[in-house]
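Student: Hi, I'm new to this one. Can you walk me through the structure?
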Amino acid sequence: MDKYVCDVCGYIYDPEKGDPDAGVAPGTAFEDLPDDWICPECGAPKDDFSKVE
């Protein structure tokens, strides 16, 4: 699974860790995050994330 970085603040979403504070279980792919999920660091929407190459 790919990691994604927030273009606004640099937060990296790691699917192996998920986002437990938002109820996202470890092993959840970025593509499977809810559409209303936001960056836990700055509140940016999913559209402001880019795939880490």
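Student: What pattern does the protein follow along the sequence?

Tutor: Read along the sequence, the pattern is β-β-β. This is a predicted model. The secondary structure comes to zero helices and three strands.

Student: How compact is the protein for its length?

Tutor: Its radius of gyration is 10 Å, and the globule rule gives 10 Å for 53 residues, so the protein is as compact as a globular protein of that length. The C-alpha atoms fill a box of roughly 25 × 25 × 15 Å along the principal axes.

Student: And what share of the residues counts as buried?

Tutor: Of the 53 residues, 34% count as buried. The accessible surface comes to about 3,400 Å². Carbon and sulfur atoms hold 45% of that surface.

Student: Back to the strands. What is their order in the sheet?

Tutor: The order is β2-β1-β3, in an open sheet with antiparallel pairing. The edge strands are β2, residues 12–13, and β3, residues 49–51. Each of these pairs on one side only.

Student: What holds strands together in a sheet, generally?

Tutor: Strands of a sheet pair through backbone hydrogen bonds, either parallel or antiparallel.

Student: How many bridges join β1 and β3 here?

Tutor: Three bridges, in the antiparallel sense. Strand β1 covers residues 4–6. Within this pairing, C6 stands opposite F49 in β3.

Student: C6 is a cysteine. How many disulfides does the whole structure have?

Tutor: A search of the whole structure finds zero. Take C9: the nearest cysteine sulfur belongs to C39, 3.7 Å away.

Student: Why is there no bond between C9 and C39?

Tutor: Because 3.7 Å between the sulfurs is too far for a bond. A disulfide needs the two sulfur atoms within 2.5 Å.

Student: Are those two cysteines buried or exposed?

Tutor: C39 counts as buried, because its relative accessibility is 2% and the cut-off for buried is under 20%. C9 has 39% relative accessibility, so C9 counts as partly exposed.

Student: What does A44 touch, beyond its neighbours in sequence?

Tutor: Leaving aside neighbours within four places, A44 is in contact with C6, V8, I38, C39 and F49. So C39 comes up again, as do C6 and F49. A44 itself sits in the loop between β2 and β3. At 5% relative accessibility, A44 counts as buried.

Student: How far apart are A44 and V8?

Tutor: In sequence, 36 residues. In space, 7.0 Å from C-alpha to C-alpha.

Student: What part do contacts between residues far apart in sequence play overall?

Tutor: Take the contacts with a separation of 6 or more. Residues 24 or more positions apart account for 45% of them.

Student: Where does E53 lie?

Tutor: E53 lies in the segment after β3. E53 is exposed, with a relative accessible area of 84%. E53 and K3 are 50 residues apart in sequence, yet 8.4 Å apart in space, C-alpha to C-alpha.

Student: New topic: D14. Where does D14 lie, and is D14 buried or exposed?

Tutor: D14 is in the loop between β2 and β3. D14 counts as buried, because its relative accessibility is 12%.

Student: Which backbone atom lies 2.9 Å from a polar atom of the D14 side chain?

Tutor: That is the backbone nitrogen of E16.

How values were computed
Residues numbered from 1 in each chain as written. Predicted model: local features only at pLDDT ≥ 70, side-chain atom pairs only at ≥ 80, totals over all residues. Heavy atoms only, no water. Pairing = 2+ DSSP bridges. Helix = DSSP H or I, 4+ residues; strand = E, 2+ residues; numbered from the N terminus. Buried < 20%, exposed > 50% of the residue type's maximum accessible area, 1.4 Å probe, protein only. Polar contact = N/O pair within 3.5 Å; in protein donor to acceptor, adjacent residues only side chain to side chain. Rg over C-alpha atoms; globule rule 2.2 N^0.38 Å. Contact = heavy atoms within 4.5 Å. Areas by Shrake-Rupley, 256 points an atom, 1.4 Å probe, with all protein chains shown as cover.
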